[in-house]
Amino acid sequence: MAAYILRRVLLTILTLVTVSFFAFVCFGKALDPSYPLVLDPDPLNRPAMQHHYHLTDPILERYWLWVKNVTREGFGHPASTQVADHKVVESTTSISSEVLRAGWVTVQLVFFALVITVALSLTLGTVSSRWRGGATDVVIRVLTYISWSVPAFLIAFFFRRWFAGSQTATSFVYGPQTIDTHGADIFLIGAPTGGIVDWFQHMTLPALALALGLVGVYSRYVRSSMLVALSQPFAVVARAKGLSESRVVIRHALRTALIPFVSALALEIGAVVGASMAADWVFSLGGIASLTIGALGRADPFEMTAVVITLSAIVLMFMTLADVAVGWLDPRARITAKG
């Protein structure tokens with residue numbers, strides 16, 4: 001398993017390097033942070049900024065300069081449009097600190113949502129398979145179909161509207177409102193400010209909104225896997241030995257059903273992280289979504305590249321954890337990894 005994890009780390013590094021190249025090339029060709037200076041009274045300010053950030057150099061040279069700067073100073077600073085005496089005044093904000101802070105918020109949101117998703121999917125899928133064909137099974141399947149059909153951003157919108165009362169339809173155009181909701185409210189809007197209670201008050205609604213959009217899919221995976229596992233010879237033998245049906249379901253069939261469930265969840269981690277950005281934006285958590293909107297508004301290719309690399313790192317981290325979980329659940333995966 002140690003060798004497997006080492007290979008995944010090396011693959012992650014190679015993937016991040018590849019992502020950084022394509023992201024920098026795409027954003028470097030598409031975005032021009034000097035555009036606000038088009039209307040500047042001094043016509044020399046924009047060329048000064050373009051020269052400072054090498055915006056007119058060949059893209060491969062710009063990427064090489066960016067790589068050398070990253071190895072020395074991290075992601076550097078956002079592109080600044082402040083020009084004095086034809087020299088750019090660098091921003092005091094660090095891109096690295098911003099993406100680390102925003103990325104940590106996104107990691108917490110995704111992890112909390114995955115915990116809720118796993119718990120609800122296993123519970124609903126197991127109950128549905130245990131009483132398959134009955135009224136309980138039908139009700140659960142209808143609810144999961146409804147959950148599956150509603151996008152995460154719409155669930156987040158209604159959650160904020162119902163539980164916080166501060167979201168309107170215009171927020172999707174102009175951004176979520178950032179009014180102060182601290183007080184006696186159970187759920188709060190904005191980034192957590194400290195303490196476990198405060199963290200749950202801020203993170204529960206967005207994590208639950210994200211999870212409900214996933215439960216409909218993954219509870220179906222669990223139900224199907226459980227139905228297959230309950231018909232396998234080991235389940236028949238367990239019943240023949242006198243074990244109760246509940247014990248057969250929980251102790252024998254559930255672990256087998258977890259393998260395809262975790263594998264399917266691992267394949268969709270990228271979509272989960274992408275959906276988390278909608279919940280992040282609606283609830284004003286200050287995660288990657290807020291940073292992305294700001295970077296796009298400034299047309300900053302350097303900050304956008306850092307955002308994409310951070311998102312890729314988050315996706316790869318959760319995929320690695322999911323693969324390790326599959327290896328723990330399935331001895332065949334461990335043997336393959338060892339080979």
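Which residues do ring pairs link into a cluster? In this predicted model, the cluster joined by ring pairs consists of Phe 21, Phe 22, Phe 24, Tyr 53, Tyr 63, Trp 66, Phe 75 and Phe 302. A search of the whole structure finds 14 aromatic pairs, and one of them is formed by Phe 21 and Tyr 63, whose rings meet edge-to-face, with 5.2 Å from centre to centre and 85° between the planes. This pair connects distant parts of the chain, since Phe 21 belongs to helix H1 (residues 2-30) and Tyr 63 to helix H3 (residues 59-73), with the two positions 42 residues apart in sequence numbering. A pair of aromatic rings is described by the distance of the centres and the angle of the planes.

The two partners were also examined for their accessibility. Tyr 63 counts as buried because its relative accessibility is 12%, which falls under the 20% limit. Phe 21, with a relative accessibility of 28%, counts as partly exposed because this value lies between the limits of 20% and 50%.

A second position considered is Ala 191, which is located in the loop between helix H7 (171-174) and helix H8 (196-230). Ala 191 is likewise described as partly exposed, because its relative accessible area is 34%. When residues up to four places away in sequence are not counted, Ala 191 touches His 202, Ser 284 and Leu 285. In addition, the C-alpha atom of Ala 191 is separated by 7.9 Å from that of Val 105, although these two residues are 86 residues apart along the chain.

Methods
Residues numbered from 1 in each chain as written. Predicted model: local features only at pLDDT ≥ 70, side-chain atom pairs only at ≥ 80, totals over all residues. Heavy atoms only, no water. Helix = DSSP H or I, 4+ residues; strand = E, 2+ residues; numbered from the N terminus. Buried < 20%, exposed > 50% of the residue type's maximum accessible area, 1.4 Å probe, protein only. Contact = heavy atoms within 4.5 Å. Phe/Tyr/Trp six-rings, centres within 6.5 Å; stacked < 30°, edge-to-face > 60°.
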